[in-house]
Amino acid sequence: MRRLFLIRHAKAEPSVGRDDYERALTDRGRGDARRVADVLAARDMLPEVLIHSGALRTKQTAEIFAAEWPRRAELAEELGLYDATQDMLLARARGLAEAHANAALVGHNPGIGELAVTLAGTGAVPDLRRMAAKFPTSAVAVLDFPIESWDDVGGNGALLALFVTPAELEAGGA
């Protein structure tokens, strides 16, 4: 089995008057990232590696997630994840290192959200619907594939094991 975590960066500063690539997380974004990371830790759903785009907000999100977890997760920057399309992200997922059975891509919408919807074939119907309707900042989709190799990741091939958002946590869910 392979487990793919698709993580949208946490809430960042507005882009007005600054380089989009250098937008940092807001206080709310940092708090949201910590809460979502804690849910993953509590469920023992942790990737071995967090691959983030080169944008500051994805790097900061990945660093917060990794710092909250009891087990060390490798951090890796991949410039090509910035503004990546669903197809580009799918190609990246298929190229993940076989040594990692559990890996995360930390990126941006619309690509991350679209890929999650495309890959999830089964799972709790309310979660599938929520994910298809909106993939907000700090959201995480945990997708389980009954495959031996990342090369075999494909559309509708995964079980949505978990979809968690900050708003759900504020409402007392997860």
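1. A quick word on terms before we start: strands here are DSSP runs of E, at least two residues long, and they are numbered from the N terminus. With that in hand, Leu 159 can be placed in strand 7. Please keep in mind as you read that this is a predicted model.

2. Let me stay with Leu 159 for a moment. Is Leu 159 buried or exposed? Neither label fits: its relative accessible area is 38%, and because buried means under 20% and exposed means over 50%, Leu 159 counts as partly exposed. Beyond its neighbours within four places in sequence, Leu 159 is in contact with Thr 122, Gly 123, Val 142, Leu 143 and Asp 144. Ala 120 lies 39 residues away from Leu 159 along the chain, yet their C-alpha atoms are separated by 5.7 Å.

3. Now to the sheet that holds this strand. What is the order of its strands? The sheet is open, has seven strands and runs 3-2-4-1-6-7-5, with mixed pairing. At the edges stand strand 3 (74–77) and strand 5 (120–123); each has a single partner strand, so one side of each has no neighbour in the sheet. On average, and with direction ignored, neighbouring strands are turned by 30° against each other. As general background, strands of a sheet pair through backbone hydrogen bonds, either parallel or antiparallel.

4. Strand 4 (residues 102–107) deserves a look of its own. Five of its six residues are buried, so this strand is mostly covered. Strand 1 (residues 2–8) runs parallel to strand 4 and is joined to it by six bridges, with Phe 5 opposite Ala 104. Strand 2 (residues 49–52) is also parallel to strand 4, and here four bridges make the link. Within that pairing, Ile 51 has Leu 105 as its bridge partner.

5. What about the antiparallel part? Strand 6 (residues 140–145) pairs with strand 7 (residues 158–164) in the antiparallel sense, over five bridges. Val 142 sits opposite Leu 162 of strand 7 in this arrangement. Helix 5 (residues 125–133) packs on the sheet and touches strand 5, strand 6 and strand 7. The direction of helix 5 makes about 70° with that of strand 7.

6. Arg 3 is a residue I would click on next. Arg 3 has its place in strand 1. Is Arg 3 buried or exposed? Its relative accessibility is 15%, so Arg 3 counts as buried. Leaving out neighbours within four places in sequence, its contacts are Met 45, Ala 101, Asn 102, Ala 103, Val 142, Leu 143, Asp 144, Trp 150 and Ala 161. Arg 3 also ties back to point 2: Arg 3 and Leu 159 are 156 residues apart in sequence, and 9.5 Å apart in space, C-alpha to C-alpha.

7. Next, a helix pair. Helix 3 (residues 86–94) packs against helix 4 (residues 111–119) at an angle of about 65°, and their axes are 8 Å apart. Helix 3 and helix 4 are therefore roughly perpendicular to each other, a label that covers angles of 65 to 115 degrees. In passing helix 4, helix 3 makes a right-handed crossing.

8. Which residues make this helix contact? Helix 3 brings Gln 86, Leu 89 and Leu 90, and these meet Gly 111, Ile 112, Glu 114, Leu 115, Thr 118 and Leu 119 of helix 4. By class, the residues of this contact are five nonpolar, three polar and one charged.

9. A few backbone details may be worth your time. Most residues other than glycine have a negative phi, and most peptide bonds are trans. Against that background, the peptide bond from Asn 109 to Pro 110 is cis, with omega near 10°. Pro 110 is found in the loop between strand 4 and helix 4.

10. Positive phi values turn up as well. Asp 83 is not a glycine, but its phi is positive, at about 60°. Asp 83 belongs to the loop between strand 3 and helix 3, and with a relative accessibility of 60% it counts as exposed. Ser 138 likewise has a positive phi, near 70°, and lies in the loop between helix 5 and strand 6. Is Ser 138 buried or exposed? At 0% relative accessibility, Ser 138 counts as buried.

Key:
Residues are numbered from 1 along each chain as its sequence is written. This is a predicted model: local features need pLDDT of at least 70, side-chain atom pairs count only at pLDDT 80 or more; totals for chains, interfaces and linings use all residues. Side-chain values use heavy atoms; hydrogens and water are left out. Two strands pair if DSSP finds at least two bridges between them. Axes are lines fitted to C-alpha atoms, for helices over the stretch in contact, and angles run from 0 to 180 degrees between N-to-C directions. Contact means heavy atoms within 4.5 Å. Angles under 35 degrees count as roughly parallel, over 145 as roughly antiparallel, 65 to 115 as roughly perpendicular and the rest as oblique. A crossing is left-handed if the near helix is turned anticlockwise from the far one by less than a right angle, and right-handed if clockwise. Ala, Val, Leu, Ile, Met, Phe, Trp, Tyr, Cys and Pro count as nonpolar, Asp, Glu, Lys and Arg as charged, and the others, Gly among them, as polar. Buried means under 20% relative accessible area, exposed over 50%, partly exposed in between (1.4 Å probe, protein chains only).
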